[in-house]
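Take a moment to look over the structure before reading on, and try to form a picture of the whole chain before turning to its parts.

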Amino acid sequence: MYNQSGKFFRLFATIFFSVVGFVLAIGLLMLLLRLIVSSFDQIPWFTYFYMCIIILLTPCLFITVYSIFLKKTVYHPSKPVKMISYLVFTMAILSWLTVLTIDFIEFFKNGYPDIDRYYGYNLLFLFINVAIIFFSGVMQALTTEKEKDWMEKRRN
């Protein structure tokens, strides 16, 4: 047999320098991202763009959730639960659109940089919306017929 230490040394060096190169590449990427993000402070319109995205974030999220629940309510078997769900989800979507409008008016009028002044980030309002989603999901789940498990399906 011939000596394969040269091959093993080359394999070790390749793996070692690949790991070191990967760590250095990640470090350089993080440094580059830090420089890019710190340069955003020098762009005056970027602060307004960023705050508009932050203000839009929660209303878009909750309106999407309520819209999905509203579309799923169409196929719900119970009429009273369907009517209550339509009413609740429509009112919730309208309240989020109102809050979004009020927040944008407040932002463009006063330009507050902190989010605790906007109604979309009010903890009580967020808690009420999460509770509505939870309780309407429970209400719809309790009024649907029980799904058959695999043993009952096999028996029938």
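The paragraphs below go from confidence and overall form to a pair of helices, a loop residue and the cysteines.

What you see is a predicted model, and it is sensible to begin with how confident the predictor is. The mean pLDDT of the protein chain is 89, with 98% of its residues at 70 or more. That confidence is not uniform along the chain, for it is highest in helix α3, residues 79–110, at a mean of 94, and lowest in helix α5, residues 150–155, at a mean of 79.

Turning to the fold itself, the secondary structure of the protein chain comes to 5 helices and 0 strands, and reading along the sequence gives the pattern α-α-α-α-α. The overall dimensions can be compared with those of a globule: a compact one of 156 residues would have a radius of gyration near 15 Å, whereas the protein chain has 28 Å. Along its principal axes, the C-alpha trace spans about 85 × 65 × 20 Å. Of the 156 residues in the protein chain, 22% count as buried.

How can the packing of two helices be put into words? Two packed helices are described by the angle between their axes and by the distance between those axes. Here helix α2, which covers residues 44–73, and helix α3 have axes that come within 9 Å and cross at roughly 170°. Because an angle over 145 degrees counts as roughly antiparallel, α2 and α3 are roughly antiparallel to each other. Sorted by class, the contact of α2 with α3 has 21 nonpolar, 5 polar and 2 charged residues.

Between these two helices lies a loop, and V74 has its place there. With a relative accessibility of 42%, V74 counts as partly exposed, since that class takes in values between 20% and 50%. In sequence, V74 and Y86 are 12 residues apart, while in space their C-alpha atoms are 8.9 Å apart.

Finally, consider the cysteines, and ask how many disulfides the model contains. A disulfide is a covalent bond between the sulfur atoms of two cysteines, and the rule applied here requires these atoms to be within 2.5 Å. By this rule the count is 0. Why is C52 not bonded to C60? The sulfur of C52 has its closest cysteine sulfur in C60, but the separation is 12 Å, and this is too far for a bond. C60, correspondingly, is in no disulfide. The surroundings of these cysteines can also be described, as C52 counts as buried at 17% relative accessibility, whereas C60 is partly exposed, with a relative accessible area of 41%.

Key:
Residues numbered from 1 in each chain as written. Predicted model: local features only at pLDDT ≥ 70, side-chain atom pairs only at ≥ 80, totals over all residues. Heavy atoms only, no water. pLDDT = per-residue confidence, 0-100. Helix = DSSP H or I, 4+ residues; strand = E, 2+ residues; numbered from the N terminus. Buried < 20%, exposed > 50% of the residue type's maximum accessible area, 1.4 Å probe, protein only. Axes fitted to C-alpha atoms, helices over the stretch in contact; angles between N-to-C directions. Parallel < 35°, antiparallel > 145°, perpendicular 65-115°, else oblique. Nonpolar A, V, L, I, M, F, W, Y, C, P; charged D, E, K, R; others polar. Rg over C-alpha atoms; globule rule 2.2 N^0.38 Å.
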